[in-house]
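Please open the structure in your viewer and keep the selection tool at hand. The tour goes from stop to stop, saying what to select and what is found there.

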Amino acid sequence: DSLPTSPTKQWYQRRVRGLLLQSVAMPGIEFADGQSQTFDSYEDFQKYISDMIGGQVAGATGIVNHSLDITWLIISAALVFFMQTGFALVEVGSVSLKNTKNILTKNLMDACIGALTFWLFGYAFAYGEKNRYIGTENFALVDVRGTEEEKEAGMYYKGYDYAFFLFQFAFAATAATIVSGAVAERCRMVAYFLYSFCLTGFVYPVVVHWGWGNGWASAFVDEEDRLFGTGVIDFAGSTVVHMVGGVTAVIGAFFLGPRHNRYVDGKLRYLPQQSTTFQTVGVLILWLGWYGFNCGSTLTMTGGAADVAGMVAVTTTISAATAGIVSTVLGWFIDNTIDVSRTNNGILGGLVSITAGCSVINPELAFVTGLIGGFIYFGSSKLLEKMKIDDVVDAAPVHMFCGAWGTIAAGLFASPDNVAIAYGTGSCGLFFQCNGNGIWQFLANLVFVLAVTVWTAIFALAIFALLHVVGRLRVSLETERIGLDMVEHGGAAYEMSTVRTREPRSPSVFNEIFGREEVHENKAARA
């Protein structure tokens, strides 16, 4: 150490270290490996140690990444499922007091029915392989359990697959919940049970298989099997989730007809809503949950996916904020009022609009996507009012019209660099024309929108038309006037006195199915 720094000194230091390591460290290596091994140089020993540690670090990194991906999916699934709270608040805030219990019950049952149907066969239809149109394996998650070889290695089940199922179930429940708000205040419970079961168990899973699984439109299959060589870009489900719910909602509202007194002498009449406070809090919760919806759709936090999630969060925010402002301003100029309900639904329309392209559209074009989405929401809402289709929460304008626009926007604005990172393909939107692929990407997205619209409409028409013909779709006028809470749910949601005076409701399931509809008023009202 007393010698000045020089190449000679550095050679001596390395030589001494090598001798010391060979005399001191070798026994430890012999003990670990069970055999003797010597080294000709310090560099050889260093390489040996580096390779040994590198293998251990790689294995440990793989375990950490696996655990991180599972945690990411569970947290994202929790955020998406928390959106059920937002939907419940939006819907209960949009209906009258007399239908509070009814709409809350439907929101709860969306989760319950969705969980069981998606577990039993919905997930298999969505992600089973061997078929380009519908999955045919992994019913009730039987294939998620570990094989005998995996069990011997300590892997009794596949944790990532379970977390993935949870994430996908939360999406399925969202699709069903979209419909309940549109048909609120006059739809029979038996009709609700039927369409919710079919939607989450069959109709929605088939669309998932087409767009995200091994289906004909998926971008996640071999290049030669992709639609137009590109596959659809619908990252988090503008069409897969929101259009399925929106198309079903508008057809259900059409067959049900407007609520009593919604149109008087052919003119639109605004019915009382329970609470704009509930609506606004619900929208803010939905906005929060959308970060799980969109960012979580990376499905992993490794391999650059965290970078994608970061951009997704920004594009989601920009589109939502822009559409919220646009719909507010349009309401101000056209209706001469600043309506908080318009603002709320405009924000939701912006969120739906960016959901397909959130990972491939740059922030400046996310602004354009939200801008156009605000106009589309407002215009389609006015269109349904003119057509006398009574959509209580504007589910169809938000989810169907903005959902279609969102997928088309991805086909227009997808950046080639972003597509390469998020999808690993050489495609892009029509405005970029990367090696002529832009037109094919746009056509793939357009065809997917049309196919999902037709598929969902066929189901919705069959279900709602059948229920309408047999008289099992809409409640009686008397029930609608009194409120579904009194008739279906044993009494009002809000007790106005300390004395409970209502009579118990007689068993309702058989009455509902076989057509007996009894009205029970409380004693005070009869007196």
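A residue is called buried when its relative accessible area is under 20%, exposed when that area is over 50%, and partly exposed in between. Keep in mind throughout that this is a predicted model.

Begin by selecting Ala140, which has its place in the loop between H4 and helix H5 (148-152). Its relative accessibility is 22%, and therefore Ala140 counts as partly exposed. Look also at its backbone, where phi is near 55°, a positive value in a residue other than glycine.

Now select Glu185, in the loop between H6 and H7, which likewise is not a glycine and has a positive phi, of about 80°. Is Glu185 buried or exposed? With a relative accessible area of 7%, Glu185 is buried.

Glu185 leads to the next stop, Val95, because the two residues are in contact, where contact means heavy atoms within 4.5 Å. Val95 is found in the loop between helix H3 (42-94) and H4, and it is buried, with a relative accessible area of 1%. Leaving aside neighbours within four places in sequence, the residues in contact with Val95 also include Ile103, Ala184, Pro272, Gln273 and Val392. Add Gln274 to the selection and look at the C-alpha atoms: those of Val95 and Gln274 are separated by 5.7 Å, although the two residues are 179 residues apart along the chain.

Turn next to the largest nonpolar core, which has 121 residues, and in which Tyr204 and Phe448 are those with the most contacts. Helix H6 (residues 159-182) gives the most to this core, with 14 residues. Select Tyr204 and, not counting residues up to four places away in sequence, find what it touches: among them are Phe118, Gln168, Phe171, Leu199, Trp212 and Val240.

The following stop concerns aromatic rings, of which a search of the whole structure finds 31 pairs. Select Phe118 and Phe165, whose rings are stacked, at 5.9 Å centre to centre and with 25° between the planes. This pair links distant parts of the chain, as Phe118 is in helix H4 (residues 100-127) and Phe165 is in helix H6, 47 residues apart. Phe118 counts as buried, at 1% relative accessibility, and Phe165 is buried too, with a relative accessible area of 12%.

Compare that arrangement with the rings of Phe121 and Phe197, whose centres are 6.0 Å apart and whose planes stand at 75°, so the pair is edge-to-face. Because Phe121 lies in helix H4 and Phe197 in helix H7 (residues 189-211), the pair ties together parts that are 76 residues apart in sequence. Phe121 is partly exposed, with a relative accessible area of 24%, and Phe197 counts as partly exposed at 40%. Widen the selection to see the cluster that ring pairs form, which includes Phe121, Phe197, Trp210, Phe448 and Trp455.

For a ring with another kind of partner, select Tyr270 and Arg262: the charged end of Arg262 sits over the ring of Tyr270, 5.6 Å from its centre.

Finish with the empty space inside, where the count comes to three cavities of 30 Å³ or more. The largest cavity has a volume of about 100 Å³, and to find it select Phe87, Val90, Leu348, Val393 and His399, which lie nearest its centre among the 13 residues that line it. Which helices each supply at least two residues of this lining? They are H3, H6, helix H11 (340-355) and helix H13 (395-413).

Key
Residues numbered from 1 in each chain as written. Predicted model: local features only at pLDDT ≥ 70, side-chain atom pairs only at ≥ 80, totals over all residues. Heavy atoms only, no water. Core = buried A, V, L, I, M, F, W, Y, C linked by side-chain atoms within 4.5 Å. Buried < 20%, exposed > 50% of the residue type's maximum accessible area, 1.4 Å probe, protein only. Helix = DSSP H or I, 4+ residues; strand = E, 2+ residues; numbered from the N terminus. Phe/Tyr/Trp six-rings, centres within 6.5 Å; stacked < 30°, edge-to-face > 60°. Lys NZ or Arg CZ within 6 Å of the ring centre and 35° of its normal. 1 Å grid on protein atoms, 1.4 Å probe; cavity = no way out; pocket = protein on both sides within 12 Å on 5 of 7 lines; lining within 4 Å. Points joined across faces, edges and corners; volume = space filled by probe spheres on them.
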